[in-house]
Amino acid sequence: MAKTAIAYKEKMKEISVLSLICSCLYPESRKNIMGDYEDMDIKPINKRASGQAFEVILKPTSPVSEVAHCITSPPKRDISLEDIQKKLEAAEDRRRCQEAHVLQTLAEKREHERDVLMKAMEENSNFSRMAEEKLQMKMEQIEENRMAYLAAMMERLQEKEKHAQEVRRNKELREALTA
């Protein structure tokens with residue numbers, strides 16, 4: 001059954017598209033048989049609205065063509081216990097190698113994560129230290145400005161006090177002169 005299906009598929013590939021088209025256009029010139037091949041006959045069946053149907057008749061295969069189509073599989077060699085053992089050892093080696101590769105990849109990922117974490121912590125501590133230094137400098141600047149402001153206020157107060165004393169003294173002198 002499989003051989004006939006394969007033969008059918010091969011012969012369908014061999015049929016040229018041109019001969020199929022010609023047979024559809026001029027069916028009366030071909031009579032009943034559309035194509036005559038060595039081991040296959042193609043006959044059109046009654047025409048239908050949906051298309052045209054064909055009947056493919058396979059001729060019995062000759063012994064010569066049987067040999068040509070029959071492909072034998074290579075003979076199976078006997079597998080010894082040593083061969084099986086070698087294959088199992090090779091599979092175990094491949095498994096170990098793959099496992100080692102996976103472990104190495106995981107170790108590299110962990111190392112990278114550790115490096116990233118350390119860098120982030122270092123940047124965070126640097127940022128905190130810089131922010132603290134900025135804040136300390138700002139506080140010192142504010143303290144200096146405050147002290148300068150207080151000193152300026154005290155100086156103005158002292159100048160006002162001197163001026164007030166001078167005005168009082170001048171007033172006393174005027175009163176003494178007018179009296």
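**Figure 1. Glutamate 99 and its salt bridge to arginine 95 in the predicted model**. Glutamate 99 has a relative accessible area of 42% and is therefore classed as partly exposed, since that class lies between the 20% and 50% limits. Its side chain meets that of arginine 95 in a salt bridge, with an N to O distance of 2.8 Å. Both arginine 95 and glutamate 99 belong to helix H4, where four residues, about one turn of the helix, set them apart.

**Figure 2. Arginine 95 and glutamate 92 in helix H4**. Arginine 95 also forms a salt bridge with the side chain of glutamate 92, at 2.3 Å from N to O. Helix H4 spans residues 81-178, and within this helix arginine 95 and glutamate 92 are three residues apart, again about one turn. Arginine 95 is partly exposed because its relative accessibility is 40%. Glutamate 92 falls into the partly exposed class as well, with a relative accessibility of 29%.

**Figure 3. The pair formed by arginine 114 and glutamate 111, and the network of linked salt bridges**. A salt bridge of 2.9 Å, N to O, joins the side chains of arginine 114 and glutamate 111. These two residues are separated by about one helical turn because they stand three residues apart in helix H4. Arginine 114 is partly exposed at a relative accessible area of 46%, and glutamate 111 is partly exposed at 39%. Elsewhere, salt bridges with shared partners connect Glu92, Asp93, Arg95, Arg96 and Glu99 into one network. The total number of salt bridges counted in the model is six.

**Figure 4. A nonpolar surface patch that includes leucine 150**. Met147, Tyr149, Leu150 and Met153 make up this patch, which covers about 390 Å². Leucine 150 is a residue of helix H4. With a relative accessibility of 38%, leucine 150 is partly exposed; patch residues must exceed 30% relative accessible area, so leucine 150 meets that cut-off.

**Figure 5. Arrangement of the whole chain, as context for the close-up views**. The chain contains four helices and three strands. Read from the N terminus, these elements follow the order α-α-β-β-β-α-α. Of the 179 residues in the chain, 6% are buried. The accessible surface amounts to about 16,700 Å², and carbon and sulfur atoms contribute 59% of this area. Among contacts with a sequence separation of 6 or more, 22% are between residues 24 or more positions apart.

**Figure 6. Confidence of the prediction and the stretch of residues 29-33**. The chain has a mean pLDDT of 82, with 74% of its residues at 70 or more. Residues 29-33 have a pLDDT below 50, and in the model this stretch has six contacts beyond near neighbours in sequence. Where pLDDT is low, predicted coordinates should not be read in detail.

Terms used. Residues are numbered from 1 along each chain as its sequence is written. This is a predicted model: local features need pLDDT of at least 70, side-chain atom pairs count only at pLDDT 80 or more; totals for chains, interfaces and linings use all residues. Side-chain values use heavy atoms; hydrogens and water are left out. A salt bridge is a side-chain nitrogen of Lys or Arg within 4 Å of a carboxyl oxygen of Asp or Glu. Buried means under 20% relative accessible area, exposed over 50%, partly exposed in between (1.4 Å probe, protein chains only). Patches are made of residues with over 30% relative accessible area and no salt bridge: like charges are joined within 9 Å, nonpolar side chains (Val, Leu, Ile, Met, Phe, Trp, Tyr) within 5 Å. Accessible areas come from the Shrake-Rupley method with a 1.4 Å probe; for residues, only the protein chains shown count as cover. Contact means heavy atoms within 4.5 Å. pLDDT is the predictor's confidence in each residue, from 0 to 100.
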